[in-house]
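Trainee: I am new to this structure. Please take one part of it and go through that part closely, with each term explained as you use it.

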Amino acid sequence: MVLYGAGHVGRALVRALAPLPCRVTWVDSRPDMLPERTPENVEPRPSDDPAALAARLPAGRYHLVMTHSHPLDLAVCEALLRRGDFAWAGLIGSASKRARFERQLRAAGIAADRLARLVCPIGIEGIEGKAPAVIAASVAAQLLLAFEATAMRAARPVPSPARMAVP
């Protein structure tokens with residue numbers, strides 16, 4: 001997965017994901033925000049342009065956008081939604097932030113079906129705490145659900161045309 005943002009919630013999320021079965025590419029435009037020491041499953045990646053990085057990362061990744069800047073969040077989301085080849089994309093924020101971003105992204109030409117794939121607000125419904133560790137635990141659980149759903153879809157057998165034929 002790719003985590004954009006090394007603020008308080010990003011740091012808490014990296015700690016929450018450390019023992020979990022995932023690899024994290026941790027992106028921030030402020031190199032001094034990425035710590036020198038990170039858990040083994042984390043690769044810090046400073047980037048002058050996180051949106052450009054989002055546009056060129058391999059397909060099929062999980063992305064979580066929580067930078068220090070609303071315009072940067074919007075640029076990263078736009079890059080991801082233009083591609084549309086992600087496994088999951090989440091954005092930290094409220095329902096009003098989502099509505100504002102939807103308006104701006106529609107105006108930028110992003111299709112409704114792509115916008116519908118953006119998860120915002122993030123976290124497990126019913127967990128309302130705003131402390132970074134609470135948000136991180138809730139989002140980590142949500143990511144585990146997304147990982148499991150992807151694994152289940154991949155494990156489903158695809159019917160062959162021969163089996164589908166009716167005699």
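Mentor: The answer below starts with one helix and then moves on to other parts.

This is a predicted model, in which local features need pLDDT of at least 70 and side-chain atom pairs count only at pLDDT 80 or more, while totals for chains, interfaces and linings use all residues. Residues are numbered from 1 along each chain as its sequence is written, and side-chain values use heavy atoms, with hydrogens and water left out.

The helix is α3, residues 70–83. Helices (H or I, at least four residues) and strands (E, at least two) are DSSP runs, numbered from the N terminus. Helix α3 has 14 residues, and from its first C-alpha to its last it reaches 20 Å, close to the 20 Å expected at 1.5 Å a residue. That expected span is 1.5 Å times one less than the number of residues.

At the N-terminal end of α3, S69 acts as a cap, with a side-chain oxygen 3.1 Å from the backbone nitrogen of L72. This is a polar contact (a pair of N or O atoms within 3.5 Å; within protein, one must be able to donate a hydrogen and the other to accept it, and residues adjacent in sequence count only if both atoms are side-chain atoms). After α3 comes G84, whose phi is positive, near 75 degrees.

The buried residues of α3 are L72, D73, L74, V76, C77, A79, L80 and L81. Buried means under 20% relative accessible area, exposed over 50%, and partly exposed in between (1.4 Å probe, protein chains only). C77 has a relative accessible area of 1%.

A disulfide is a pair of cysteine sulfur atoms within 2.5 Å, and by this rule the count is 0. C77 forms none because the closest cysteine sulfur, in C120, is 7.8 Å from its own, too far for a bond. C120 also counts as buried, at 8% relative accessibility.

The peptide bond from C120 to P121 is cis, with omega near 0 degrees. P121 lies in the loop between β6 and α6 (132–155). Strand β6 (residues 118–119) includes L118, which is buried with a relative accessible area of 7%. L118 and L72 are 46 residues apart along the chain, and their C-alpha atoms are separated by 16 Å.

P121 is also among the residues nearest the centre of the largest pocket, together with G93, I122, I127 and K130. A pocket is found on a 1 Å grid over the protein atoms alone: it is an open set of points with protein on both sides within 12 Å along at least five of seven lines, whereas a cavity is a set where a 1.4 Å probe fits but cannot get out, and lining residues have an atom within 4 Å of a point. The largest pocket holds about 360 Å³ of space. Grid points are joined across faces, edges and corners, and a volume is the space filled by probe spheres set on the points. The lining has 16 residues, with 7 nonpolar, 6 polar and 3 charged. Here Ala, Val, Leu, Ile, Met, Phe, Trp, Tyr, Cys and Pro count as nonpolar, Asp, Glu, Lys and Arg as charged, and the others, Gly among them, as polar.

One more distance involves R82: its C-alpha is separated by 9.8 Å from that of A108, 26 residues apart along the chain. A108 lies in the loop between α4 (95–107) and α5 (112–115) and is partly exposed, at 29% relative accessibility.
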